[in-house]
Amino acid sequence: MKRIAIIGAGPGGLASAMILAAKGYDVHVYEKQSYVGGRNGHFSLGDYTFDIGPTFLSMPQIMEEIFEMSGRNVHDYMDLKELSPMYELQFDGKRVPMYREREKMLDVISEHFPGNEAGYENFMHDTREKMQALMPLLQTKHNKLTDYMSKRALKALPKLSLGKSVYDVLSDYFTDERLKIAFTFQAKYLGMSPWECPGAFSILSYMEHEWGVFHPIGGVNQLSKAMAKVTEEHGGKIHLNEGVQKINVSGKEITGLVLDSGETVKADEYIINADFAEAMTRLVDDGVLRRHSKEKLEKKKFSCSTFMIYVGLDKKYDMPHHTILFAEDYQNNVNEMTKDLVLSDEPSIYIHNASVTDPTLAPEGHSAVYILAPVPNNYSEIDWDDKQETFKSLIYDEIEKKTGFTDIRSHVVEEKVLTPKQWQTDHFVHQGATFSLGHQLSQMMYFRPHNRFQELDHCWLVGGGTHPGSGLPTILESARITTGWIREEEVQPI
């Protein structure tokens, strides 16, 4: 069988490796870091364990199907716990739990947002139909403009909410501004503003309310570890601490990968799972690419970044697994992050308190807490060496003032901060744009870098920078599309 070389052991690369190794391909994954997972990896501070990036799983059926394609049952490798409530939202001191269970959610709406119960029912009904129309588009390759004339595309077109933002769509269902935010903040999963994110992505909140939110014991990094294990069980090789320094190209043909060690490796097919823009600007010589040259990439729209604080605490807090604290003027906060490219005086903050669910992450009576504030990416030219401590203090101030974590600073045992600068320098994320290319309609489906890369032969893309986009479920779909396409290419016409 063909030899497959995969650049990067992120979830897209590992899912591809797992599927192809199970089909008998000679698979080699080259990873610069000492661990698998990329942004879906983990690290430890003393006795505390943290996910680097994603902190929950949704649409578990996609993960289950990917493992089935590899001849495995994901539940033999991961212990998934469904969270109820899924998360708690905080508006002006009010704590609002959000549930997957319909009756509980209706009770919450009746208590906090009376008069919007029918809007919730209508949203779930209408978006279920939208999801059924859109899923075939998100699970199918897009390499020709004529794809938009296919039956599946024409069927989905009326459901795309063209010309509307996610916020516009939810305004059709809800009258209370806080409830609109509760069903539109998920645009942040794409690093975008709800007031700009295409209305089709109203499916993001629907996905959570329809299928739930899950935590794997040990953290979401367990998904990457499980895929790496299955890859190796099928004979695939994962080379840690062996990053790719350069992609050698002659014409449109890749002639080999130069590793950081100086060794050159060759393959029949190459899959790029590195951050797309970073790979195109760092791994390929100037002048090789036209459509995705450095100059053209600089004109693309990229997602926001995130400011991270990971803290090990010698205390457990009676707070939910997930808490989201919204700025009082949330729209202004989002505009500062995505348009003005400045730091907010009142940031919105996400707090991941997984130790209330998972005893493996910290010593007994302690907590491993993950704090995230969306911030501008590095196109903002913010001097993080100068701003880091001030912004960290602001985040702690907001948390202690507005949430149940009233004395968090006095219980810190371990602490690590990750700024947009470090996302770029330490994790090789282009301009620190944590969620990759933006998801404007001009950068979706056919208009996103194709899974079979247009500019290099025998070259394929997986991950958040290609179709269908960012987020673990869609990244897994990118691997399913790409590996299916590679295998399809094996079938020669008679």
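User: Which residue in the turn between E10 and E11 has a positive phi?

Analyst: Heads-up: this is a predicted model, where local features need pLDDT of at least 70, side-chain atom pairs count only at pLDDT 80 or more, and totals for chains, interfaces and linings use all residues. Residues are numbered from 1 along each chain as its sequence is written, and side-chain values use heavy atoms, leaving out hydrogens and water. Strands (E, at least two residues) and helices (H or I, at least four residues) are DSSP runs, numbered from the N terminus. E10 and E11 make a hairpin with two residues between them, and the turn residue whose phi is positive, at about 65°, is Gly251.

User: In which sense do strand E10 and E11 pair?

Analyst: Two strands count as paired if DSSP finds at least two bridges between them. Strand E10 covers residues 244-250 and shares six bridges with E11, and Ile247 stands opposite Leu257 in E11. The sense of that pairing is antiparallel.

User: And in E12, which residue is the bridge partner of Leu257?

Analyst: E11 also pairs with strand E12 (residues 264-265), again in the antiparallel sense, over two bridges. Their hairpin has four residues between the strands, and Gly262 takes a positive phi near 100° there. Over in E12, the partner of Leu257 is Val265.

User: How many of the seven residues of strand E11 are buried?

Analyst: Buried means under 20% relative accessible area, exposed means over 50%, and partly exposed is in between (1.4 Å probe, protein chains only). Strand E11 runs over residues 253-259, and it is largely enclosed by the rest of the structure because so many of its residues are buried. The count is five.

User: Which strands sit at the edges of the open sheet?

Analyst: The sheet has five strands in the order E9-E2-E1-E13-E19, and the pairing is parallel. An edge strand here pairs on one side only, and that describes E9 (237-239) and E19 (459-461).

User: What is the bridge partner of Ala5 in E2?

Analyst: Go to strand E1 (residues 3-7), which pairs in the parallel sense with strand E2 (residues 26-30) over five bridges. Across from Ala5, the partner in E2 is His28.

User: At roughly what angle do the axes of H4 and helix H8 cross?

Analyst: Axes are lines fitted to C-alpha atoms, for helices over the stretch in contact, and angles run from 0 to 180 degrees between N-to-C directions. Under 35 degrees counts as roughly parallel, over 145 as roughly antiparallel, 65 to 115 as roughly perpendicular and the rest as oblique, so H4 and H8 are roughly perpendicular to each other. Contact means heavy atoms within 4.5 Å, and the residues making it include Tyr120 and Phe123 of H4 and Tyr206 and Trp211 of H8. The two axes come within 9 Å and cross at roughly 105°.

User: Is Asn116 buried or exposed?

Analyst: Asn116 is in the loop between helix H3 (102-112) and helix H4 (117-138). Its side chain makes polar contacts (N or O atoms within 3.5 Å; within protein, one must be able to donate a hydrogen and the other to accept it, and residues adjacent in sequence count only if both atoms are side-chain atoms). A polar atom of that side chain lies 3.2 Å from the backbone oxygen of Phe113, and one lies 2.8 Å from the backbone nitrogen of Thr175. With a relative accessibility of 2%, Asn116 counts as buried.

User: Which residue's backbone nitrogen does the side chain of His439 reach at 3.0 Å?

Analyst: His439 lies in the loop between helix H14 (420-425) and E19 and is buried, with a relative accessible area of 1%. A polar atom of its side chain is 3.4 Å from the backbone oxygen of Leu437. Beyond residues up to four places away in sequence, His439 touches several others, including Pro198 and Phe201. The backbone nitrogen reached at 3.0 Å belongs to Ser470.

User: Why is the sulfur of Cys197 not in a bond with Cys304?

Analyst: A disulfide is a pair of cysteine sulfur atoms within 2.5 Å, and the structure holds zero of them. Cys197 is buried at 0% relative accessible area, and Cys304 is buried too, at 3%. For Cys197, the closest cysteine sulfur is the one in Cys304, and that is too far for a bond because the distance is 11 Å.
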